[in-house]
Amino acid sequence: MSFSIRAEGLRKRFGDTQALDGVDLAARQGSVLGVLGPNGAGKTTAVRILATLIKADEGTALVNGHDVAREPGRVRESIGLTGQYASVDELLTGEQNLVMIGQLLDLGGRQARARAKELLEWFDLAEAASRPAKTYSGGMRRRLDLAAGLVGRPSVIFLDEPTTGLDPSKREDMWGVVRSLVHDGSTVLLTTQYLDEADALADEITVIDHGRVIAHDTPDGLKHVVGGQTLTIRPLDPSRLDDVAAIVGELAGARPEIHNRAVSAPVPGDEVLGEAVARIAAAGIAVTELSLHLPSLDEVFFTLTGRTAALQEAA
Ligand SMILES: Nc1ncnc2c1ncn2[C@@H]1O[C@H](COP(=O)(O)OP(=O)(O)O)[C@@H](O)[C@H]1O
Ligand SMILES: [Mg+2]
């Protein structure tokens, strides 16, 4: 088993803040590791250590087999730290910037242009390709920074909250980019505050809070710990609530809850959705909502930290 990222016992303190308090991270080659945690959890600090931008106080980290503290140059060669590593020239167009970076990386002129074109399309910048970067909006600029870090097809890529603040359609585009990067053979460490994003993209998820790892699992394993997904159905006519509750109860194999004129119950997987639609239609019930949602990060935290606290009390 080959790991592209392997960190053990990372600690980092800033003044009074223990940003990382003994964090282990591991990403298999060609996989996506999701690092999930709320604001201030220590995600960016971990990424900056792995990307050789700052040094850990304690712990070790290997990226592509190179020690970040002892061989930072070798690490930098293999990573695509987006935004901060590759720098964009404001006066050049988006396309010129990417072509120039390609040439600096010794791609031939033709290859550099082809890579620039591909990245401009991935990041929805094709139309703005021939405008100077200084005319770009904040979002466009951020996408150009991301693209700049990917010109050299780095084998390990750090994406630090790439979708925070994006609208849903741009978020989907970014998910497509991440999938393309993995398809091309890269290993991606993606930090996020969103469980659904980690679920959609990551092979494994490490959940961190206050500088510590509080869970590490596959997306399915993590959802299972937290109680899977919730099916919610809201009938148009509240007098049908009991009929809906009977159907949901049967599908979930558990007693549903009724809240705000809607019936909800935890369900094991997506496959119940089709069955729910069919039964509701067969019963002639009109609905205003029929949804399946993942637990939110808040619910994940409540479950995980509640359990951690219980274990500490027991110890
Ligand atoms: N350069 C710094 N100086 C002082 N405190 C910092 C610095 N960088 C991060 N921190 C603190 O360390 C903690 C973790 O921050 P960070 O790694 O940015 O978390 P995240 O990326 O998960 O939001 C936070 O409390 C943050 O305020
Ligand atoms: Mg951050």
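This passage describes the overall make-up of a predicted model and then some of its local features.

The protein has 315 residues, of which 44% count as buried. Its secondary structure consists of 11 helices and 13 strands. Taken along the principal axes, the C-alpha atoms fill a box of roughly 70 × 55 × 35 Å. Among the contacts with a separation of 6 or more, 66% are accounted for by residues 24 or more positions apart in the sequence.

A helpful place to begin a closer look is helix H5, which spans residues 138-148. The buried residues of H5 are Met-140 and Arg-143, together with the run Leu-144, Asp-145, Leu-146, Ala-147 and Ala-148. The cover over these buried residues includes three helices, H3 (94-104), H4 (109-122) and H6 (168-183), and also strand S6 (156-160).

Strand S8, residues 204-209, contains Thr-206. With a relative accessibility of 1%, Thr-206 falls under the 20% cut-off and therefore counts as buried. The side chain of Thr-206 makes a polar contact, at 2.7 Å, with the side chain of His-216. Leaving aside residues up to four places away in sequence, Thr-206 also touches Asp-24 and Leu-25, the stretch Leu-33, Gly-34, Val-35 and Leu-36, and, further along the chain, Val-213 and Ala-215.

Helix H8 comes next, covering residues 219-226. Pro-219, Gly-221, Leu-222, Lys-223 and Val-226 are the buried residues of H8. Just after this helix, Gly-227 adopts a positive phi of about 110°.

The last feature is a pair of packed helices. Two such helices are described by the angle between their axes and the distance between those axes. For helix H9 (residues 241-252) and helix H10 (residues 272-282), the angle is about 150° and the axes lie 11 Å apart. Because angles over 145 degrees count as roughly antiparallel, H9 is placed in that class with respect to H10. The crossing of H9 past H10 is right-handed. On the H9 side, the residues that meet H10 are Val-244, Ile-247, Glu-250 and Leu-251. Their partners in H10 are Val-272, Glu-275, Ala-276, Arg-279 and Ile-280. By character, the residues of this contact divide into six nonpolar and three charged, with no polar ones.

How values were computed: Residues numbered from 1 in each chain as written. Chains lettered and ligands numbered in written order. Predicted model: local features only at pLDDT ≥ 70, side-chain atom pairs only at ≥ 80, totals over all residues. Heavy atoms only, no water. Buried < 20%, exposed > 50% of the residue type's maximum accessible area, 1.4 Å probe, protein only. Helix = DSSP H or I, 4+ residues; strand = E, 2+ residues; numbered from the N terminus. Contact = heavy atoms within 4.5 Å. Polar contact = N/O pair within 3.5 Å; in protein donor to acceptor, adjacent residues only side chain to side chain. Axes fitted to C-alpha atoms, helices over the stretch in contact; angles between N-to-C directions. Parallel < 35°, antiparallel > 145°, perpendicular 65-115°, else oblique. Left-handed = near helix turned anticlockwise from the far one by under 90°. Nonpolar A, V, L, I, M, F, W, Y, C, P; charged D, E, K, R; others polar.
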